[in-house]
Amino acid sequence: MKRPFGITIIAILALVGGVVLIFGGLSSLVSGASFAAISIENVMTELQQQEQGQQQRLNVAELHALIQLLGSSSIFMGAIVMVIGIGYLIVPYGLLKGREWAWTITVVLTMISIIVQIVFIITTSILNASLHHDMNTSLYHLIDQIIGIAINGIILYYLYRPSVKRILQKIPTLLNSSRIDK
């Protein structure tokens, strides 16, 4: 029984996605650490120069709390993204070898990806509406996330096809029995 071409495509997509997520997680970790190293006095001086004509001012405690929140949330998200990226790096081996556990991990990671993309759409829509960002950029991000959801949906559909599940369960058995016969 031959491995379906779709499994090979999913393995390649998982490998590429894992590499991208690892770099994204590292980037987030570095930016979080950078926030922790920011001098609050320098930021306050900069804000005061920008707010000379404005009445509202941030106090040092509020600014410090904001910087700590941004830094720690960036580090937390970076760690989560790296763990997911490592999962995506493990999956191709299991898929190409026909391991049943790879099917389970791929389904879980694909569902997590869909949830993250939906949350990203909601949060960026709210943020863009409140900040009045460039609508073209917002539209590109929305289309990007919708395409990602569609691709992940196709992957889930494919993985749940009975023939694909059956093959991922039979390949190790077939490989082991062919080794015994020789």
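Biologist: Which residues make the nonpolar surface patch of about 800 Å²?

Modeller: Keep in mind that this is a predicted model. A residue joins a patch when over 30% of its relative accessible area is open and it has no salt bridge. Here the patch of about 800 Å² consists of Phe5, Ile9, Leu13, Leu139, Leu142, Ile143, Ile146, Ile147 and Ile151.

Biologist: And which helices supply at least two residues each?

Modeller: Helix H1 (5-37) and helix H5 (135-159) do. H5 gives the most, with 6 residues.

Biologist: Take Leu139 in H5. Why does Leu139 count as partly exposed?

Modeller: Partly exposed lies between the 20% and 50% cut-offs. Leu139 has 44% relative accessibility, so that's its class.

Biologist: Now the inside. Which residues of the largest nonpolar core touch the most other members?

Modeller: A core is built from buried nonpolar residues joined through side-chain atoms. This one has 19 residues, and Ile7, Ile10, Leu95, Leu159, Val164 and Leu168 touch the most other members. H1, helix H3 (60-97), helix H4 (100-131), H5 and helix H6 (162-181) each put in at least two residues, with H4 giving the most, 5 residues.

Biologist: What does Val164 touch, leaving out residues up to four places away in sequence?

Modeller: Ile7, Tyr158 and Leu159.

Biologist: How many helices and strands does the whole chain have?

Modeller: There are 6 helices and 0 strands. Of the 182 residues, 29% are buried. Looking at contacts with a separation of 6 or more, 77% link residues 24 or more positions apart. As for the accessible surface, the chain has about 12,100 Å², and carbon and sulfur atoms hold 69% of that.

Notes:
Residues are numbered from 1 along each chain as its sequence is written. This is a predicted model: local features need pLDDT of at least 70, side-chain atom pairs count only at pLDDT 80 or more; totals for chains, interfaces and linings use all residues. Side-chain values use heavy atoms; hydrogens and water are left out. Patches are made of residues with over 30% relative accessible area and no salt bridge: like charges are joined within 9 Å, nonpolar side chains (Val, Leu, Ile, Met, Phe, Trp, Tyr) within 5 Å. Accessible areas come from the Shrake-Rupley method with a 1.4 Å probe; for residues, only the protein chains shown count as cover. A salt bridge is a side-chain nitrogen of Lys or Arg within 4 Å of a carboxyl oxygen of Asp or Glu. Helices (H or I, at least four residues) and strands (E, at least two) are DSSP runs, numbered from the N terminus. Buried means under 20% relative accessible area, exposed over 50%, partly exposed in between (1.4 Å probe, protein chains only). A nonpolar core is a set of buried Ala, Val, Leu, Ile, Met, Phe, Trp, Tyr and Cys residues joined through side-chain atoms within 4.5 Å. Contact means heavy atoms within 4.5 Å.
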